[in-house]
Amino acid sequence: MNLKPIRSLIILAVASLGLAGTLSALPAKITVHGGDGDQDNAILSFEAPKDWDREALLVGPSGVQTYLQIDDSGHATMIVPHIAKGESLTFSPVKYEAIAEKAITTEKAGSVLKFTHRASGKVQPMLDYQMTPGDVPAGVSEVFKHGAHLHPVYSPSGRLVTGNHPEDHRWHRGIWMAWTHTEFEGQTPDFWNQGKGEGKDKSAPEVLAEIRFDALVKTWSGQVHGGFVSKHRFIDYNSGAAKDVLNETWEVTAYAAGDAYVIDFISTQTCAGTSPVKLPKYHYGGLGVRGNLLWNAVDAVKMLTSNGDDRKKGDATKAKWVHLGGDVEGQPTGMAVLIHPSNYRFPQPLRLNPKNPQLCIAPSQDGDWSIEPGTPYVSKYRIIVSDGAAAFARLEAAWQSYAAPLRVTFE
């Protein structure tokens, strides 16, 4: 991954927000305070006063430009191209010409929410959020139709990094969140292996547990990020009737940060009723990632963890981050999953599949646990999608930036 600092960003604004580039409702200065190491393309978020404009163009030292975007809840976000260890950088708002195009756009197309990135007059696909179940490949049973996942996901050069419906595991689905070995009201629903030989008639399997898209709560587009909030239902059919097990909310935010795409992923799961969901010790289940089908051959994919381990050595270890990648169209590309330190059992256990390009962040490896009524289970991950081979030092710096965001002051 190459995260070289950028000296300028494309100057775009959002006419649909009613902006005219006024400065009256903005601070005179915003200062970013560096941390314990150099950081490139640091994503910063902080609470903004209620009277600030929704978006602004900021200029810093040596003419470096970046955008400030403020969401409906008052969270301000900006990306700092480069800041050195212990350095303080001051940015000031400037007037700019408002135009219609947004840098990150979300657009609903049937059952898919599409993210695109506009830069230098070119529009690139970033990722799709498949809401209700999508089509299966020709000849594949419709029992494997699934939704509530991210796929396809692309690198900034347009190279595909995720896989869906692979021949060896038809239920794998890009980037998803599911539990495998569970106990709920006397049943053992499996939300991971959807359709895998389930039911009494193995020749015509039926779905006995599923994760179903429920609602698209909101979407947004902007100069710094675009995203969505949605709801899912975990449903068990093993008792003969549909029974809601978990309610889940996804908050997904996408950025173009330098020469990488960044996806911030937050899953919040709550019990649907008064019964807990028990999660016995198991070697996978949690956040799942399936790589490009071009990497299906054992020697076609490479993995790297924050401990410096490869695929074989890193399996069943605990880590802060993990990278999965391989060649696409003759060039290395891939994605890193950064694990937030607030996550349960951090650093979290890993399942690095020895036979296919698939990994899982698997907290159940550490032993029995449960999701209890009234106590939300929150999982936070940052996914960095980039061209080039994995670079340990850059991934470690990216995790530090995610885990300990820089301090921002304004006047």
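# A guided tour, beginning at Phe228

Select Phe228 to begin: this residue counts as buried because its relative accessibility is 0%. The structure on display is a predicted model, and the stops below follow its side chains, its largest pocket and its backbone.

**Stop 1: aromatic rings**

With Phe228 still selected, display the aromatic side chains. A search of the whole structure finds 20 aromatic pairs. One of them joins Tyr129 and Phe228 in a stacked arrangement, with 4.1 Å from centre to centre and 10° between the planes. This pair connects distant parts of the chain: Tyr129 belongs to strand E9 (residues 122-130) and Phe228 to strand E13 (residues 225-236), and the two are 99 residues apart. Is Tyr129 buried or exposed? Tyr129 is buried, because its relative accessibility is 0%.

Next, extend the selection to Phe115, Phe213, Trp250 and Phe265. Together with Tyr129 and Phe228, these residues form a cluster linked by ring pairs.

For another contact that involves a ring, move to Trp399. Lys320 lies over the face of this residue, at 4.5 Å from the ring centre.

**Stop 2: the largest pocket**

Switch to a surface or pocket display. The largest pocket holds about 820 Å³ of space. Its lining comprises 34 residues, of which Ser45, Thr77, Glu251, Thr253 and Tyr255 are the closest to the centre; these five are a convenient selection for centring the view. What is the make-up of the lining by class? There are 12 nonpolar, 12 polar and 10 charged residues.

To see which elements contribute, colour by secondary structure. Among those that each supply at least two lining residues are strand E2 (39-47), strand E5 (75-83), strand E14 (243-257), strand E25 (377-387) and helix H2 (392-403).

**Stop 3: Asp264 and its partners**

Select Asp264, which lies in strand E15. Its relative accessible area is 12%, so Asp264 is buried. Which side chains make polar contacts with that of Asp264? The side chain of Arg382 makes one at 2.6 Å, and the side chain of Tyr255 makes another at 3.4 Å. Tyr255 is also one of the residues closest to the centre of the largest pocket.

**Stop 4: Ser306**

Move to the loop between strand E18 (302-305) and helix H1 (311-314), where Ser306 is located. Although placed in a loop, Ser306 is buried, with a relative accessible area of 11%. Adding Ile263 to the selection gives a C-alpha to C-alpha distance of 19 Å, for a separation of 43 residues in sequence.

**Stop 5: backbone geometry**

Hide the side chains and inspect the backbone. Most residues other than glycine have a negative phi, and most peptide bonds are trans. The following sites depart from these patterns.

- His151 to Pro152: the peptide bond is cis, with omega near 0°. Pro152 sits in strand E10 (residues 149-153).
- Phe346 to Pro347: this peptide bond is also cis, with omega about -10°. Pro347 is in the loop between strand E21 (331-339) and strand E22 (348-352).
- Glu185: phi is positive, about 50°, although the residue is not a glycine. Glu185 is in the loop between strand E11 (175-178) and E12, and is partly exposed at 45% relative accessible area.
- Glu329: phi is positive here too, about 55°, and this residue is not a glycine. Glu329 is in the loop between strand E20 (321-328) and E21, and counts as exposed at 63% relative accessibility.

How values were computed:
Residues numbered from 1 in each chain as written. Predicted model: local features only at pLDDT ≥ 70, side-chain atom pairs only at ≥ 80, totals over all residues. Heavy atoms only, no water. Phe/Tyr/Trp six-rings, centres within 6.5 Å; stacked < 30°, edge-to-face > 60°. Helix = DSSP H or I, 4+ residues; strand = E, 2+ residues; numbered from the N terminus. Buried < 20%, exposed > 50% of the residue type's maximum accessible area, 1.4 Å probe, protein only. Lys NZ or Arg CZ within 6 Å of the ring centre and 35° of its normal. 1 Å grid on protein atoms, 1.4 Å probe; cavity = no way out; pocket = protein on both sides within 12 Å on 5 of 7 lines; lining within 4 Å. Points joined across faces, edges and corners; volume = space filled by probe spheres on them. Nonpolar A, V, L, I, M, F, W, Y, C, P; charged D, E, K, R; others polar. Polar contact = N/O pair within 3.5 Å; in protein donor to acceptor, adjacent residues only side chain to side chain.
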